[in-house]
Protein chains: 2
Amino acid sequence: MNDDLATVGERAALARIIPRLGAADALLGPGDDAALLAAPDGRVLISTDAMVEGPDFRRAWSTPFELGWKATATNLADVAAMGGRPTGLVVSLAAPGDTPVRELEAVADGMAAACSALAPGVGVVGGDLTRASVLSLSVTVTGSLDGRAPVLRSGARPGDVVAYLGRLGFAAAALRLLFAVGEEDAAAIADLKRTRSGLLAEQLAPRPPIRDGVRAAEAGATAMLDVSDGLVLDASRIAAASGAVLDLSGDVLDQLAAAVVAVSDPEGLAAPPARLGRHEALGLVLGGGEDHGLLATFRGEAPEGFLPLGIVRAGAAAVRIDGLEVDPTGWDSFTAP
Amino acid sequence: MNDDLATVGERAALARIIPRLGAADALLGPGDDAALLAAPDGRVLISTDAMVEGPDFRRAWSTPFELGWKATATNLADVAAMGGRPTGLVVSLAAPGDTPVRELEAVADGMAAACSALAPGVGVVGGDLTRASVLSLSVTVTGSLDGRAPVLRSGARPGDVVAYLGRLGFAAAALRLLFAVGEEDAAAIADLKRTRSGLLAEQLAPRPPIRDGVRAAEAGATAMLDVSDGLVLDASRIAAASGAVLDLSGDVLDQLAAAVVAVSDPEGLAAPPARLGRHEALGLVLGGGEDHGLLATFRGEAPEGFLPLGIVRAGAAAVRIDGLEVDPTGWDSFTAP
């Protein structure tokens, strides 16, 4: 029997998808006009982010499970970046009529798995399924500050340490390998995903440091965001909001670039890209995007796990490397080639 | 100068769109990784709903302002249907690169205007803009119960009055006129929208009874939902969740059908559809969908403005008209022609 959405229908498809989501800690889960979540301190954090087939992902590279995982993980990171604890998710799925329902079940499984791994107790409490010419997932996440002040982008002050927790440039390095192999040769893609599983996961199923957002807030982070559009562009956002200079260490950035070169070794690949140069690797560290680690500033020492990247200085908003101003560059889904 | 998204870019476009949204009552509005909303009783209602060009709307019929209005109004209705007060919205917009930014500004204006009209103080507190082959809006709404219990679908009990607040079949009657005029003749569409502005607004820019959700809850509604997929199908959801029969009055439904016939008079239209028969009009009342009024059950008398439609009876879950069971029918975006 045909398993596609147009045959199964929206309601029967939802009846198969929803039970896989696990509303966990919700006061009221899916099935009514709205879900109900606890907001223990009388406030709720909320953020939304969409992934659309084409600009944001390719079906040839990402499994439905990975899509669900990534959409969940990147949204959870937005709550973490405020110093918050995620409390729930809702998702709008749009898909072509010929999409097998089992693929949407796999999307749901990926969402549930990412919640279990990164934010146990959190689940998808509501959703919507509609027809569209391409697959897209629009996820909204809620969170609790549990009485703390939110960690804004505007709190960085001269003398603060600039620090980062997570990988930089790895997601972009993985994307570079995927572009080298292309979308046509399924066996070559499978081989790449098998032999470079760790690196590829940085792009296809990332694990942002969700719990560390609260830890950073408790350690006194003065400003924080998750790096999604590239280190320099996102650093420039803290600089602009705070009215200060973020001065990064060229030595530290060079070490990060060396790590990207090391994981990008094309040895043994069926469709190897050109060997990555140090300069190009630095470009991925500075502007590759989709890193989803936490960039934060701290009055004193950065907490364990955060890598000191530089220092906040007085001056007109800017990002510098060893004192030299750099242009904010980063990903723009509309102007990108 | 070209005003399209691909030329202007995501960030510059957002810088033009966000100021039009008016975060109003938010503790923290757009501009950081997440927004912060009040949740005064320590709980938050949340619901999400998407509109995609093609299955959900046609650009030939809906202006961008109307799209923003409708996506907002229909989401607000989901909070109202729980007996809640809306507190905020986030939106994921996806649009082709050749979309003029002024059209997205108009979408934002429509969202802000719907909030002002239907839920003053509420605004769009966050969003996301991404590239896609067609325009879509995915809106998530939050709400507060202000200490009350949510009004679920499961609370209807034998002897309760079934009542409805809003129009039934008008949105579907408007859609019938739009299908008759088609998508090609812009002058005829404009003429239709001018000469039938009230009826067309029921489909293109509806005004669901948002404030009445709280009023119904305070009046002791035992079950409630907003009718989006057709009266019978949505009534069957209350019946199923409550384990009871919703028995509707054929006389009342006939009167509602007569009202649909009256507003559907094709006299003077450039592209008139066939004159609507009473039987077809009853079909629009029972299964037309997109009505977005409130269907509720009450232990005693229905509060002012609610039209009594029938009574809840003991028995296996079903919807009946004058005691005769009817099949739940309604809109399914995947199996619809």
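This is a guided tour of a predicted model with chains A and B, going from the pair of chains down to single elements.

**The two chains**

Start with both chains in view. Chain A superposes on chain B by a rotation of 180° with 0.0 Å of shift along the axis, at an RMSD of 0.0 Å. The two copies are thus related as by a two-fold rotation axis. To find where that axis passes, select A:Gly42; its C-alpha lies 2.2 Å from the axis, the closest approach of any residue of chain A. Both copies use the same surface, since 100% of the contact residues of chain A recur in chain B.

Next, select the interface. Here 61 residues of chain A are in contact with 61 residues of chain B. On the chain A side, strand β2 (residues 43-52) gives the largest share, with nine residues. Colour that side by class and it divides into 29 nonpolar, 19 polar and 13 charged residues.

**Strands across the interface**

Show strand β1 (residues 35-38) of chain A together with strand β2 (residues 43-52) of chain B. The two strands pair in the antiparallel sense over four bridges. One position to label is A:Leu37, whose bridge partner in β2(B) is B:Val44.

Stay on strand β2 of chain B and pick B:Thr48, which lies in it. Is B:Thr48 buried or exposed? With 26 other C-beta atoms within 10 Å, B:Thr48 is buried, the cut-off for that term being 20 or more. Leaving aside neighbours within four places in sequence, the contacts of B:Thr48 include A:Val90, A:Ser92, A:Gly126, A:Gly127, A:Asp128 and A:Thr140 from chain A. From chain B, B:Ser138, B:Val139 and B:Thr140 are in contact with B:Thr48. For a distance check, B:Thr87 is 39 residues from B:Thr48 in sequence and 14 Å away in space, C-alpha to C-alpha.

**The two domains of chain A**

Hide chain B and colour chain A by domain: domain 1 covers 5-144 and domain 2 covers 161-326. Their centres, taken over C-alpha atoms, are 25 Å apart. Between them, 21 residues of domain 1 of chain A are in contact with 22 residues of domain 2 of chain A. On the domain 1 side, α3 (64-80), β3 (85-95) and α4 (101-118) of chain A each supply at least two residues. Of these, α3(A) gives the most, with nine residues. The classes on this side are 12 nonpolar, four polar and five charged.

**The seven-stranded sheet**

Now select the open sheet of chain A, where seven strands run in the order β7-β9-β6-β10-β8-β11-β12 with mixed pairing. At the edges stand β7 (221-226) and β12 (324-326) of chain A; each has a single partner strand, so one side of each is left without a neighbour in the sheet. From one strand to the next the twist averages 30°.

Within the sheet, β8 (residues 245-248) and β10 (residues 307-313) of chain A form an antiparallel pair over four bridges. There A:Val245 has A:Arg313 in β10(A) as its bridge partner. Add helix α8 (residues 211-218) of chain A: this helix lies across β6 (161-165), β7 and β9 (294-298) of chain A, at about 10° to β9(A).

**A helix pair in chain B**

Finally, bring chain B back and select helices α9 (residues 231-242) and α11 (residues 278-287) of chain B. Their axes come within 5 Å and cross at roughly 35°. B:Leu231, B:Val232 and B:Leu233 of α9(B) make the contact with B:Val285, B:Leu286 and B:Gly287 of α11(B). By class this contact has five nonpolar residues, one polar residue and no charged residues.

Conventions. Residues numbered from 1 in each chain as written. Chains lettered and ligands numbered in written order. Predicted model: local features only at pLDDT ≥ 70, side-chain atom pairs only at ≥ 80, totals over all residues. Axes fitted to C-alpha atoms, helices over the stretch in contact; angles between N-to-C directions. Contact = placed C-beta atoms within 7 Å. Nonpolar A, V, L, I, M, F, W, Y, C, P; charged D, E, K, R; others polar. Pairing = 2+ DSSP bridges. Least-squares fit on C-alpha atoms with pLDDT ≥ 70 in both. Domains from an automatic or database assignment. Buried ≥ 20, exposed ≤ 12 C-beta atoms within 10 Å, placed from the backbone.
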